[in-house]
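Reader: I would like to go through this model step by step. Please show the sequence and the structure before we start.

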2 protein chains.
Amino acid sequence: MLCEIITIGDEILIGQIVDTNSAWIAQKFNEIGVRIKQISSVSDDRIHILNALKEASERADIIIITGGLGPTKDDITKKTLAEYFNVGFRRDEAVLEHVKALFKRFNPLVNELLETNKQQADVPENCLVLPNKNGTAPGMWFEDKGKVYVSMPGVPFEMMYLIEEEVIPKIKRQFKLPSIVHQTILTAGIGESFLAEKISKIEDSLPSNIKLAYLPKLGQVRLRLSAYGEDENTLRSEIEVFVHQIASLIPEYVIVTEDKPLEKAVLDFLDLHGKTLSTAESCTGGHIAQLITQHPGSSRSFLGGAVTYSNALKISVLGVQEHTLQQFGAVSEETVKEMAEGALRNLNSDYSIAVSGIAGPDGGTPEKPVGTVWVAVASKKQTVAKRFSFGNRRKQNIERSAINAFTMLHKLLVEEHA
Amino acid sequence: MLCEIITIGDEILIGQIVDTNSAWIAQKFNEIGVRIKQISSVSDDRIHILNALKEASERADIIIITGGLGPTKDDITKKTLAEYFNVGFRRDEAVLEHVKALFKRFNPLVNELLETNKQQADVPENCLVLPNKNGTAPGMWFEDKGKVYVSMPGVPFEMMYLIEEEVIPKIKRQFKLPSIVHQTILTAGIGESFLAEKISKIEDSLPSNIKLAYLPKLGQVRLRLSAYGEDENTLRSEIEVFVHQIASLIPEYVIVTEDKPLEKAVLDFLDLHGKTLSTAESCTGGHIAQLITQHPGSSRSFLGGAVTYSNALKISVLGVQEHTLQQFGAVSEETVKEMAEGALRNLNSDYSIAVSGIAGPDGGTPEKPVGTVWVAVASKKQTVAKRFSFGNRRKQNIERSAINAFTMLHKLLVEEHA
């Protein structure tokens, strides 16, 4: 079963927004065994949309269309779909009632529905309406010449609701799906080529229904094994054998054998052992705390953190000593260690992470160029600090700092809980 | 001049990574007047890549290909390009020297280059090599039947370097480009349909070479005007007239008339007036600080922040009173105001932002369901707090909280500096 995703809208093509919808849909569909053949972003242009629909329908069984369903004048998806299927429009009464109710809730003082809002209830005659609880534009399910087309608004949480509550259940009911099982090994501290060299024998021994992919990202490499077949349980145990082989060959680089973000692996480790964490961030500016707190339940292990951009706050909040800052500077082994130990003490946690560096683009000196970052991790027993020399890109320096901080903390945790 | 972007790699199609490269390339190309016709993500599959290249070459003048150039076995882009152009390979000596030098730098203890690394210097015979300072895989520029093809690694900072330093300068030298000028009005606090209704007369009066698009995102709507023509300065003054007309019609909702993130607009306002900011975050967990500190130069106005997930830290770091927490709870007007005032006092800033809420998915009660968030902004003169009722999605609740916090602070700043 093959699917293609078409996103409609100039905002993606001029780069004003990043298409996060497609990755999300792809993930959900892969879980139920629907493979994504292609993802295409096309413009708000009638002819271009018609061509994209035709091309996709020649390659795939299901075509998912997102975007271009808002109430404003630049949205032409609905009209173009009606033209593609060569049908007229009908006003859907249930959708109209829903639009009215939503409108009343958000605009209690306005009596009259705008005409543009009413038009949200107009749908191509041949579509089955998929109710959109979270917005005014409904999802639409079409069947034509043996292919399924689903059109949804591009607003992520409206699209997500429709996929989870309407589209996936309907696909599962309507089609017999094959199975795909993925398993990921998250590694850190080893480059892609060395990893490949180390595990090449296992890679060469993989059966033809199992594929291995390398997904490198700033100091981490995810190894993704994908097994294709009929029975999910068989695939799962088949893949498990190779995951185990690989993990046993490179134990010092394996963080976790699931598709889990690095910080979540660290957080789960802390949670499992009933330990708490705090953070003291300078150049990462809250990025580390935010990586942690994006995960539900992080409050079980994470107490909080300090973002101490100014030296004054490093002193008052974290208790870094003034003469340390004067003698060694904010970006130094001495300061970052005092930050980590200050977080441990003042924020009262079992473990802490501290980062101080020059993220750039300004602020570098010959001795400490942009990209110089000190990271420390501390426990009640020890404080470990390490200097990194990254590049000139601010965002990347912040991300690399965080990844290395979590890798260092993971190492410390494993060591102290061996 | 039309361009298409093809990204190669199963990792996008299974949703393991989001394609941020394409949006970035699209933005850069639009700035020089090259329009993106389509963005396609295709699999690591020979036939699929060949078809995508053919289809793209029928629609566009320039085809940009990213991904699939790493040293490992799952990357087949280079081979497929050679097949597409029907040419063999040559080993590029300059690339080989570069690979050797990079290898030596990162692996000083290893004498022998791996064969997989050497192969990075093998390129299709007909390509012009674009040196990749940041990595081992070179960029490749092909010209065939009047079309240009550029292949680059998918690692963002390698791709970015090649686009900025090699591809764009070469395109500018080689082609005469038309002009496109975009200008964005960032609005907050008004929905898309109401905005459209308010400015419909201006929209109807736009000349045919100027397009208006609505880009809604969680409580903000970006209005993007795009003018197409020959002379950039003419377009710029043409578009400026309409931007001014729109902004004068809805002054209370306009944050800024540039394509600038909301938090950057706030930061620039603070910087302009020499004022400082601190943050006190509970449910947003560092997201607000991180939004601020991602911008270079943010340290001029941003002193730092506290992420106080636990009540203990709300008391010790921000000076929230214990009986306030006991009587009203952490998610209350009283607590969030004390957090904002505590940040102002303990972190010693002119302005502060505080957020306390229930991001979910757990932690809700009948009186304070998931999505209940209190936001406060404070100055030396006043503290303003507001309660929001968002939905069930953690990520969205965090993002909406931040957007509303910045919108509230912007309002306070404008008011106090009128």
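Reader: In which loop of chain B is B:Leu218 found?
Author: This is a predicted model. Strand 10 (210-217) comes before the loop and strand 11 (220-229) after it. B:Leu218 is found in the loop between strand 10 and strand 11 of chain B.

Reader: Is B:Leu218 buried, exposed or partly exposed?
Author: A residue is buried with 20 or more other C-beta atoms within 10 Å, and exposed with 12 or fewer. B:Leu218 has 15 C-beta neighbours inside 10 Å, so B:Leu218 counts as partly exposed.

Reader: What is the phi of B:Leu218?
Author: Most residues other than glycine have a negative phi. B:Leu218 is not a glycine, yet its phi is positive, at about 40 degrees.

Reader: Which residue in the loop between helix 15 (333-346) and strand 15 of chain A has a positive phi of about 60 degrees although it is not a glycine?
Author: The residue in question counts as partly exposed, with 16 C-beta neighbours inside 10 Å. The residue that has this positive phi is A:Asn348.

Reader: Which residue does a cis peptide bond join to A:Gly360?
Author: Most peptide bonds are trans. Here omega is about 0 degrees, and the bond is cis. The partner's place is in the loop between strand 15 (351-357) and strand 16 (372-378) of chain A. The residue joined to A:Gly360 is A:Pro361.

Reader: Which residues is B:Asp92 in contact with, leaving aside its neighbours within four places in sequence?
Author: B:Asp92 is found in the loop between strand 4 (89-91) and helix 5 (93-106) of chain B. B:Asp92 is partly exposed, with 19 other C-beta atoms within 10 Å. Leaving aside those sequence neighbours, the contacts of B:Asp92 are B:Ala121, B:Val123 and B:Val129.

Reader: How many residues of domain 3 of chain A are in contact with domain 2 of chain A?
Author: Domain 2 spans 179-256 and domain 3 spans 262-416. Eight residues of domain 2 of chain A take part in the contact. Strand 9 (179-188) and strand 12 (254-256) of chain A each supply at least two residues of the domain 2 side. On the side of domain 3 of chain A, the number is nine.

Reader: What kind of axis relates the two copies?
Author: Chain B is superposed on chain A by a rotation of 180 degrees with 0.0 Å of shift along its axis, and the RMSD is 0.1 Å. The copies are therefore related as by a two-fold rotation axis.

Definitions and conventions: Residues numbered from 1 in each chain as written. Chains lettered and ligands numbered in written order. Predicted model: local features only at pLDDT ≥ 70, side-chain atom pairs only at ≥ 80, totals over all residues. Domains from an automatic or database assignment. Contact = placed C-beta atoms within 7 Å. Helix = DSSP H or I, 4+ residues; strand = E, 2+ residues; numbered from the N terminus. Least-squares fit on C-alpha atoms with pLDDT ≥ 70 in both.
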